[in-house]
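Ever wondered how people get from a picture of molecules to words like "contact" or "two-fold"? Let's take a look together.

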There are 4 protein chains.
Amino acid sequence: MVELSGINKGRGVARNRFENLDVERREEILAAGAQEFMVRGYAGASLNRIIEAADISKGQLYYYFNDKEDLFVTTVEEAMRRLLEAVGGLSIDDLTASTYWDALRELGRQSAALRSGDCWYVRLALSFPRLREEREAAAAVRPALEWARRLTERFLARGQELGTVRRDLPMSLLVELTLAVDEAGDRWFMDHHHEYDEDGMRKLIDARVDLTRDMLDAAHEGWDR
Amino acid sequence: MVELSGINKGRGVARNRFENLDVERREEILAAGAQEFMVRGYAGASLNRIIEAADISKGQLYYYFNDKEDLFVTTVEEAMRRLLEAVGGLSIDDLTASTYWDALRELGRQSAALRSGDCWYVRLALSFPRLREEREAAAAVRPALEWARRLTERFLARGQELGTVRRDLPMSLLVELTLAVDEAGDRWFMDHHHEYDEDGMRKLIDARVDLTRDMLDAAHEGWDR
Amino acid sequence: MVELSGINKGRGVARNRFENLDVERREEILAAGAQEFMVRGYAGASLNRIIEAADISKGQLYYYFNDKEDLFVTTVEEAMRRLLEAVGGLSIDDLTASTYWDALRELGRQSAALRSGDCWYVRLALSFPRLREEREAAAAVRPALEWARRLTERFLARGQELGTVRRDLPMSLLVELTLAVDEAGDRWFMDHHHEYDEDGMRKLIDARVDLTRDMLDAAHEGWDR
Amino acid sequence: MVELSGINKGRGVARNRFENLDVERREEILAAGAQEFMVRGYAGASLNRIIEAADISKGQLYYYFNDKEDLFVTTVEEAMRRLLEAVGGLSIDDLTASTYWDALRELGRQSAALRSGDCWYVRLALSFPRLREEREAAAAVRPALEWARRLTERFLARGQELGTVRRDLPMSLLVELTLAVDEAGDRWFMDHHHEYDEDGMRKLIDARVDLTRDMLDAAHEGWDR
DNA sequence: AATGAATGAGACTTCATTCAT
DNA sequence: AATGAATGAAGTCTCATTCAT
């Protein structure tokens, strides 16, 4: 299992305080923070708006977090932690050529299930690539993206070992393209999920995975008309 | 040719003032603005930093622009205008099944040439998707993205007419995925262009287009192992 | 009793914050604000000068008030409220022809007593007519002036009922003239109160009321030499 | 004839430049300035708005006037000069007891005629008392008000000599009250002149003078019920 | 004689953060 | 444990004024 190496060490006392808070309060705070960071970016986010949305006092916020960055990092990492838990259980090394694309399909379905919950951490995670562009927010978001990148890389590398994934592009580029197509798909599904019934949605989800497979498949490599 | 319907009408006197400025000054200001908006987002951008980078006085900035939003919109639209000019001349309706993928390859090369200039407007354009997520910046960036979306859609629709592009996914999803893979590729190339010599780069550029083709190709549609 | 219909509703949290402040601080702030608004008008008033005079920080001011207008409105309304309390207790409907002018005299004396305190709210109130001329300040000052106008009108109307007040001029004009002569008198007394001893002042105060009576008296109506 | 001792000496070259301007331009500038000073006060007035309203360039304004204050003073004094011309020709020393109140009536009619023109200088003049309250504008407006005060005083003093005007109040107070009632009346007439036909208006104008007479008349002095 | 580009001080306002209670 | 009053730096924007052309 790939490890998420948080940068949020040494938060000090605040960390424990926040973790000992009862779950509802914690959720309210994290959700309010995530919403604000998502919509306004890191620099544009206002702690005033966050405490108002979370219905807590200013003192409380600074009791639980050292500063704005701490809140941001905590929010981001918590989102990542939950995604990790949710997507978690794929054993990449056990994949074979015949199970490889089915595993991808399975991942696509899991991710669809996750999306349907419409929770703050899924939405926030989709903003990571954008937040990374903000100089001040980049550091906080990088570990999460690094993790996703590494996981994707390991998956693709295994595919190349098995001869199922194309080799004509540098791995780092392949990773970026895969992540991008994945994120764009997730975003589209979040925006359009109400337009399809359960059955139509299931088909769509699989069709999307087919496209990813076609994009990555070693079978087409070098192929020319 | 698809039109870019600017929202930046009625800027009033300021527009003329800025347009009558000599080219170098204008470029300095636009580049400084673009850089700041790119790195900090709209809300996080500081006019103070911009005027410092552009080496102009506060009063001057407000002599050329009505307010922060005006500067942002002007910067964004100017970037879009230049991209439009650069990418311009593809006659989508004249494409045939046999020229379709070659045209895509040509586009890929044009876009590579553009990237190699490393100008502010290319970099800014790559930030549009992120800026769109910012509530206050969305309106300014939307026309540019709409234009890109429409252009992509027309290209893909023509491909479907010719039987070269897959039909098993909704057009809007196909458009999003195409744009995403495109943007991610551009971004990767900008970050790694120094790692390859001219010849290696040329091959890479074409290989990237191949991946896009494999992703879109109707030949794989429904195809199953 | 005529009601003062304040426009300063929905100030939100700020209102409570300011009202819970200890009296001295509140007075310092209000007095500083009143002084500045009086001397420079609404648009010309500088919050910087106000916070310096009141010896509070910029942040504090914005903790107690939403913005400049909120401070202005609060100051104006507080002034009105206090004047109302001070002038309060005249039962207009109980006046008779024989008590009418005595009541006016009593009002004159009360108003003299009020003036002698030389408090910020009396001085500010005398600036209301001028502040009304300022477009942006008009709305805040209007209720106070309306109240004064309505009160004056009721008093004069009662006098006309009793046959003591002239009827040869439109009521609204009569009201304006009465208020004007009143305000001018107050202003004169504030500027010259140190030039008279207690006894001389008492006589003057009454003589001024006589003039108002002569101006309004029905006995002269139509009278011609 | 009472002299208007302007404070606007030593304006330097600018004065001549402005005076040599053709009449229309001069009127536009003065009217625009008067309007702005009237509505926003001296400190709140914006030269930017004035040059926009007058349709002149910023450079021109500073070519004709030394600074904001110079424009203000010039505007104020020009207004005063015109009022003086208009009201001018009363020979106070020639008044007798039998012509005294008729002269007042004549003044009332003249002032009504003036008002009906609705020119900028009449409206501005009505703002003088308010502008005087603004610390920075006081000096400019004072000479004009002083002149009005002195003229009024001479008129009232002559009345006292003739035994037609009351003596039971200090002259300075009498002057203030007279001016106040006058100004309030003018203001009311400006606001309501459209509500009456020519004949009704004529009666009103005279009735207003009657009220002033009743207020000042020595016949009521000391008079008590 | 006239223009309008340029300036920097100062306007109002919001911010993240501290700290006495 | 928790509050919210207090702060001053920095935000966007307007101002009166100068000056090269």
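Below are some questions and answers about this predicted model.

Q: What makes a residue count as being near DNA strand F, and how many residues surround that strand?
A: The test is whether a residue's C-beta atom, placed from the backbone, lies within 6 Å of the strand. 31 residues surround DNA strand F, and the closest are G59(A), Y62(B), S57(C), G59(C) and D67(D).

Q: Which helices supply at least two residues each of the surface near DNA strand F?
A: In chain A and in chain C it's α4 (58-64), while chains B and D each bring α3 (47-54) as well as α4 (58-64).

Q: What makes up the surface near DNA strand F by class?
A: Here you get 10 nonpolar, 12 polar and nine charged residues. Gly goes into the polar class.

Q: Which residues come nearest to DNA strand E?
A: Of the 31 residues around DNA strand E, the nearest are D67(A), S57(B), G59(B), D67(C) and G59(D). Chains A and C each supply at least two residues from α3 (47-54) and at least two from α4, whereas chains B and D each do that with α4. By class, the surface near DNA strand E has 10 nonpolar, 12 polar and nine charged residues.

Q: How do you know which residues of chain A and chain B are in contact?
A: You check whether the C-beta atoms of two residues, placed from the backbone, lie within 7 Å. With that test, 27 residues of chain A are in contact with 28 residues of chain B. On the chain A side, α2 (23-44), α7 (120-132), α9 (171-192) and α10 (198-216) each supply at least two residues. The largest share, nine residues, comes from α9(A). Sorted by class, that side has 12 nonpolar, five polar and 10 charged residues.

Q: What makes up the side of chain C that touches chain D?
A: 28 residues of chain C are in contact with 27 residues of chain D. On chain C, the helices that each give at least two residues are α2 (23-44), α7 (120-133), α9 (171-192) and α10 (198-216). The largest share is nine residues, from α9(C). By class, the chain C side divides into 13 nonpolar, five polar and 10 charged.

Q: Why are chains C and D said to be related as by a two-fold rotation axis?
A: Chain C can be laid on chain D by a turn of 179 degrees and a shift of 0.0 Å along the axis, with an RMSD of 0.2 Å. So the two copies are related as by a two-fold rotation axis. The same surface serves both copies, as 96% of the contact residues of chain C recur in chain D.

Methods
Residues numbered from 1 in each chain as written. Chains lettered and ligands numbered in written order. Predicted model: local features only at pLDDT ≥ 70, side-chain atom pairs only at ≥ 80, totals over all residues. Helix = DSSP H or I, 4+ residues; strand = E, 2+ residues; numbered from the N terminus. Least-squares fit on C-alpha atoms with pLDDT ≥ 70 in both.
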